[in-house]
Amino acid sequence: MALIAGIAAILSLTVPASAAEALPGATMSLWWALPFAGILLCIATGPLLYPHFWEHHYGKIALLWAALVVLPMAVMFGIEATAEATLHTLLLEYVSFIILLFALFTISGGILVAGNIHGTPLTNVLLLVIGSLLASVVGTTGASMIMIRPMIRANDNRRVNAHVIIFFIFLVSNIGGSLTPLGDPPLFIGFLRGVDFFWTTTHLFWEMLLAGGIVLAVFFVLDSYLHSLEGGLPKVKDPTPDKKVRLRGLANVPLLVGVIVAILISGVWRPGVAFTVAGVSVEWQNLLRDIAILALAGVSLLVSREEYRKANGFNWAPIAEVAKLFFGIFICIIPVIAILRAGSDGALAPLVSLVTGADGQPNNLAYFWLTGILSSLLDNAPTYLVFFEMAGGDPQHLMTELAGTLAAISAGAVFMGANTYIGNAPNFMVYAIARQSGVNMPSFFGYMLWSGVVLIPTFVIVGFVFFS
């Protein structure tokens, strides 16, 4: 309780804009990055090494790491600078980030694909294509929630079916979400930082098409071979009765459209009106966007039938976990961003040099792989933000002169979140649902063997074609 009170006291202060000072990133040591590394390490290991303790205390753990950033910053750099830096992150990034995820999670949870589909190789390819396209509209989490159970039901009469779920994670839970800020959390963070809504649509389309096409082709060959092997074996009784496929909860579809419209309007309508909260300027269009998105989520709860949500296995635990953990992540990344903004004068200068060529220009291939590797082992949203700042953090410059660099960062974060169960939030959710449904999913390292064989060669090709 003392930690909560300490953070609350800092965040509740009214800070005049003229009195706030930027954190001195050039003089901050790497010790300030330890809480960020610590919370990401806990997120990576908690669900796997100490799941029971993690399940009951992950919120407290996130709050502890956040306190280890805020309280020392207040002592070292003053309450005013700390409060402004913290509130800037929470009001302008975290709140909007969580509101969007909450709305997509809530609305998509009311859409049910009912009935039974027989999982032939061609049918599975079609389902993966639909899910991948859907991911850029309702997010990888929403698309995974809508499509995972139909995919499991379609293949529950096959003796070997774990590979179907693995490729589902590759495509629907990750690669497919690369075309809009709605698709994957890293891209929405980019949108909040000033990247245009359709920038990723135009600049990642061919990268997504190549990566997704290769993975889909490998899946079709493998699934066709495994399906043919079952031809001479005794048939497994289909546990799902044959029923006509129907899409339930259609009232939620226009609500999803409403979310997209709200985000688009906030990106183009700029009335120039803002109000200040403790020295942080909150623009009117962003506030109205978040209110509208929340209202659409509320309407979804009113109009959706409870039986559809129950059939989807809908509950609030996943979004609650995301909200608590990302509160800690967004706070812990504040000093890291300050150091990165110092560039070659900061403590992370060696990392900056890895992604900078001898001529001083960014090395896009290095950005692609470093962002991707860290996104595989850590959460891809904060990883994207780290490299976004490392590349200068100016959205206009990144979208134009450094468009290749921003594309490399975006592709690395979104694509390579598929390399492990912990790279992107939907991965572990799909894994858990599949296990509960009786699918013999591979272990953490067993899954990495699949991604190493299928995804790494794919990303080598993508990197060579687009970023070398």
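Is F467 buried or exposed in this predicted model? With a relative accessible area of 5%, F467 turns out to be buried. Before going further into single residues like this one, a look at the whole protein helps.

The fold is built from 20 helices and four strands. Its radius of gyration comes to 22 Å, close to the 23 Å that the globule rule gives for 468 residues, so the protein is as compact as a globular protein of that length. Taken along the principal axes, the C-alpha atoms fill a box of roughly 75 × 55 × 45 Å. Of the 468 residues, 54% count as buried. As for contacts between residues at least 6 apart in sequence, 82% of them join residues at least 24 apart.

Now for the aromatic rings. A search through the whole structure turns up 28 aromatic pairs. One of them is formed by F188 and F191, with ring centres 5.9 Å apart and planes at 20°; an angle under 30 degrees counts as stacked, so this pair is stacked. Both residues belong to helix α7, which covers residues 185-192, and they sit three residues apart, about one turn of the helix. An α-helix has 3.6 residues a turn, so residues three or four places apart point the same way. F188 is buried at a relative accessible area of 2%, and F191 also counts as buried, at 10%.

The rings of F466 and F467 make another pair, and here the centres are 6.4 Å apart with the planes at 50°, so the pair is tilted. While F467 is buried, F466 is partly exposed, with a relative accessible area of 30%. Elsewhere, ring pairs tie F167, F170, F219, Y421, Y431, Y447 and W450 together into a cluster. A ring can also have a charge for company: the charged end of R309 sits over the ring of F314, 4.7 Å from its centre.

Back to α7, the helix that holds the stacked pair. Eight of its eight residues are buried, so α7 is largely enclosed by the rest of the structure. The buried residues are P185, P186, L187, F188, I189, G190, F191 and L192. After the helix comes G194, whose phi is positive, near 120°. One of the α7 residues, I189, is in contact with L385, which is found in helix α16 (residues 380-390). L385 is itself buried, at a relative accessible area of 2%. Leaving aside neighbours within four places in sequence, L385 also touches E93, R193, I333 and I337. A114, by contrast, is a long way off: 271 residues away along the chain, its C-alpha atom is separated from that of L385 by 38 Å.

Helix α20 spans residues 444-466 and bends by about 40° at G452. Its buried residues are F444, Y447, S451, V454, L455, T458, F459, V462 and G463. Y447 also appears in the aromatic cluster described above. What covers the buried residues of α20 includes α2 (34-49), α6 (162-171), α9 (205-229), α15 (364-377) and α18 (403-415).

The strands have a story of their own. Strand β3 (residues 274-277) is joined to β4 by four bridges, and the two run antiparallel. A274 stands opposite E283 of β4. In a regular strand the side chains alternate between the two faces of the sheet. Strand β4 (residues 280-283) shows this pattern, with V280 and V282 pointing to one face and buried, while S281 and E283 point to the other and are not buried.

Just ahead of β3, the loop that leads there from α10 (252-268) holds R270. At 56% relative accessibility, R270 counts as exposed. Once neighbours within four places in sequence are set aside, R270 is in contact with E283 and Q285. E283 is thus a partner of R270 as well as the residue opposite A274. R270 and W284 are 14 residues apart in sequence, and their C-alpha atoms lie 8.1 Å apart in space.

Conventions
Residues numbered from 1 in each chain as written. Predicted model: local features only at pLDDT ≥ 70, side-chain atom pairs only at ≥ 80, totals over all residues. Heavy atoms only, no water. Phe/Tyr/Trp six-rings, centres within 6.5 Å; stacked < 30°, edge-to-face > 60°. Buried < 20%, exposed > 50% of the residue type's maximum accessible area, 1.4 Å probe, protein only. Lys NZ or Arg CZ within 6 Å of the ring centre and 35° of its normal. Pairing = 2+ DSSP bridges. Bend = angle between axes of the 7 residues up to and from the residue. Contact = heavy atoms within 4.5 Å. Rg over C-alpha atoms; globule rule 2.2 N^0.38 Å.
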